[in-house]
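Please look through the structure shown below. The text after it goes from the surface to the helices, the salt bridges and the strands.

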Amino acid sequence: MGVNRKPVPPPPGFSPNDLTKQFEQLMRTKRLNDLSERYRSRASSPAPPAQHVNPSRIPSQHSSRPVSEIPPSYSSLRNLPKVPSPPQDASSLRFRNQLLTLSVGPTKYENPGLLDEALAVIPLDRIYSEAEEESDLLRAQAASMEDKLKRKVKPEWGYQDCVIRALLKWFKRTFFTFVNNPPCPQCGSPTIALGMTPPLPDEAARGAARVELYRCSASNCQTHERFPRYGDVWALLQSRRGRCGEWANCFSMLCRAVGGRVRWVWNAEDRVWTEVYSEQQKRWIHVDACEEAWDNPRLYTEGWGKKLSYCIAFSTEGATDVTRRYARNTPKHGAERNRCPEEVLLWITDEIKKLRRENMPKEDRRRLAMDDQREEKELRGYVVSALAAEFGRTLPIRGLGQGRGDEQKIPSQRSGAEVWREAGRGNGGVGQEEERPPREGM
């Protein structure tokens with residue numbers, strides 16, 4: 001007969017954060033001990049059978065290096081930080097070419113004429129007014145907390161963050177339209193997808209590598225409608241419609257127009273979104289314009305139940321593998337990464353960074369290198385926090401492994417499965433290796 005037992009309350013003075021730090025230290029110590037043990041076992045292993053040795057290759061008796069100091073085997077080094085390695089096999093070379101091509105997109109946001117065109121369509125007075133109002137509210141909340149805590153408290157978001165948040169709301173609710181099957185231009189009836197058709201010269205000139213063809217479902221109409229998947233932001237400012245690829249491309253450029261530091265994030269599972277840098281929090285913030293999602297990076301995995309393999313962020317500053325920000329728990333939320341070895345991916349992203357930064361002033365390169373180090377520490381922290389959270393689930397202790405507020409965001413109200421099906425047709429073919437005709441219900 002089972003007995004109901006109440007959870008054991010934590011001891012007085014217990015801090016979940018302290019236990020998390022102790023767990024991190026324990027993991028580091030264990031790893032160091034494992035490496036040391038492998039090195040000692042390798043150094044003390046029996047010598048191989050005697051073989052004929054060229055006397056000229058025998059080290060001098062006066063060599064300063066002890067005989068027992070044998071370099072550790074590769075197996076003892078496999079857990080150490082990875083060393084970038086250039087691509088050699090065909091799959092790695094294809095992936096490199098794909099990422100190099102994708103990295104060009106955000107550089108087009110720097111076109112002065114394009115930025116002027118973007119500022120002309122943004123209601124700047126409205127955006128700045130809403131941003132100032134929210135910023136004032138956040139400062140007042142911080143001042144109120146200072147009175148209670150008797151210490152300095154800074155607002156959660158800065159003014160520039162509030163500008164991007166106001167822009168996000170306007171873009172989603174007023175400016176851009178999501179398109180699944182476009183309506184008939186003649187009678188407004190629903191249309192039926194017929195497949196792909198070659199782009200017209202004007203469509204190709206505006207970056208439409210793919211054009212979807214639809215037919216009106218009304219028997220007395222049967223009008224055909226073309227849906228070009230524009231990759232040129234100029235064209236998107238005019239059409240103001242598309243799926244997640246067009247949304248992310250256009251919104252990222254508008255963020256750049258209002259002075260934001262922007263990344264365009266490509267996901268191998270056929271979705272794209274935006275990241276903006278918060279000077280207030282000194283980190284990159286996830287923004288999905290399709291969902292009006294702000295700082296909710298676990299939306300796709302824990303909200304929609306999707307597995308992610310590669311999430312690569314591109315900007316005028318280079319490329320970064322940010323998968324750990326979106327798939328925190330790799331066994332549960334990570335998909336297979338088989339495009340290339342991890343060392344090769346590191347080499348490719350470093351190559352793109354060097355390409356984008358080579359003409360920057362030395363001070364800017366140094367600042368970006370420090371930002372890279374800070375972000376790498378942040379991404380590693382997500383992995384440790386996920387491990388601590390799993391560890392905490394085995395203990396009757398609440399709060400263990402909980403991180404910042406972005407881990408507590410509510411998933412999108414739309415069905416995750418529905419959204420991802422739309423995303424399967426959604427990013428405009430960006431980074432896809434083959435064209436796929438649209439299907440109804442997808």
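This is a predicted model. On its surface, Met27, Val383 and Leu387 form a nonpolar patch, and together these residues have about 220 Å² of accessible area. One of them, valine 383, is found in helix H13. Valine 383 counts as partly exposed because its relative accessibility is 32%, and the cut-offs for that class are 20% and 50%.

Helix H13 (362-392) also takes part in covering another helix, H12. The cover over the buried residues of H12 includes H13, helix H2, strand E10 (311-315) and strand E11 (318-321). The residues of H12 that are buried are Val344, Leu345, Ile348, Thr349, Ile352, Lys353, Arg356 and Arg357. As for its geometry, H12 has 16 residues and spans 23 Å from its first C-alpha to its last, which is close to the 22 Å expected at 1.5 Å a residue.

H12 is also connected to H2 by a salt bridge. Arginine 96 pairs with glutamate 351, and their closest N and O atoms are 2.7 Å apart. Arginine 96 lies in helix H2 (residues 90-102) and glutamate 351 in helix H12 (residues 342-357), so the salt bridge ties together parts that are 255 residues apart in sequence. Are the two partners buried or partly exposed? Arginine 96 has 21% relative accessibility and therefore counts as partly exposed. Glutamate 351 also counts as partly exposed, because its relative accessibility is 21%; buried would require a value under 20%.

The structure holds 34 salt bridges. Another of these joins glutamate 246 to arginine 229, with the closest N and O atoms 2.7 Å apart. This pair links distant parts of the chain: glutamate 246 belongs to helix H8 (residues 244-257) and arginine 229 to strand E4 (residues 224-230), 17 residues apart. Both glutamate 246 and arginine 229 are buried.

A further salt bridge is formed by arginine 325 and glutamate 275, whose closest N and O atoms are 3.0 Å apart. It too links distant parts of the chain, with arginine 325 in helix H10 (residues 323-326) and glutamate 275 in strand E7 (residues 271-278), 50 residues apart. Arginine 325 and glutamate 275 are both buried. Elsewhere, salt bridges with shared partners join Arg261, Glu317, Arg367, Asp371 and Arg374 into one network.

Strand E7, which holds glutamate 275, leads to the strands that follow. E7 and E8 run antiparallel and are joined by 5 bridges. Within this pairing, valine 276 stands opposite isoleucine 285 in E8. The two strands form a hairpin with 4 residues between them, where lysine 282 takes a positive phi near 55°.

How many residues of strand E8 (residues 283-288) are buried? The count is 6 of the 6, so E8 is largely enclosed by the rest of the structure. E8 is also joined by 2 bridges to strand E9 (residues 293-294), and these strands run antiparallel. Here valine 287 has tryptophan 294 in E9 as its bridge partner. The hairpin of E8 and E9 has 4 residues between the strands, and in it glutamate 292 takes a positive phi near 50°.

Strand E10, already met as part of the cover of H12, is another enclosed strand. In E10, 5 of the 5 residues are buried, so this strand is largely enclosed by the rest of the structure. Its side chains point in two directions: Cys311, Ala313 and Ser315 go one way, Ile312 and Phe314 go the other way, and all are buried.

E10 has strand partners as well. Strand E6 (residues 262-267) runs antiparallel to E10, and 4 bridges join the two. Tryptophan 264 stands opposite phenylalanine 314 of E10. E10 is likewise joined to E11 by 4 bridges, in an antiparallel arrangement. Threonine 320 in E11 is the bridge partner of alanine 313. E10 and E11 form a hairpin, with 2 residues between them.

Definitions and conventions. Residues numbered from 1 in each chain as written. Predicted model: local features only at pLDDT ≥ 70, side-chain atom pairs only at ≥ 80, totals over all residues. Heavy atoms only, no water. Salt bridge = Lys/Arg side-chain N within 4 Å of Asp/Glu carboxyl O. Buried < 20%, exposed > 50% of the residue type's maximum accessible area, 1.4 Å probe, protein only. Expected span 1.5 Å × (residues − 1). Contact = heavy atoms within 4.5 Å. Patch = residues over 30% accessible without salt bridge, like charges linked within 9 Å, V, L, I, M, F, W, Y side chains within 5 Å. Areas by Shrake-Rupley, 256 points an atom, 1.4 Å probe, with all protein chains shown as cover. Pairing = 2+ DSSP bridges.
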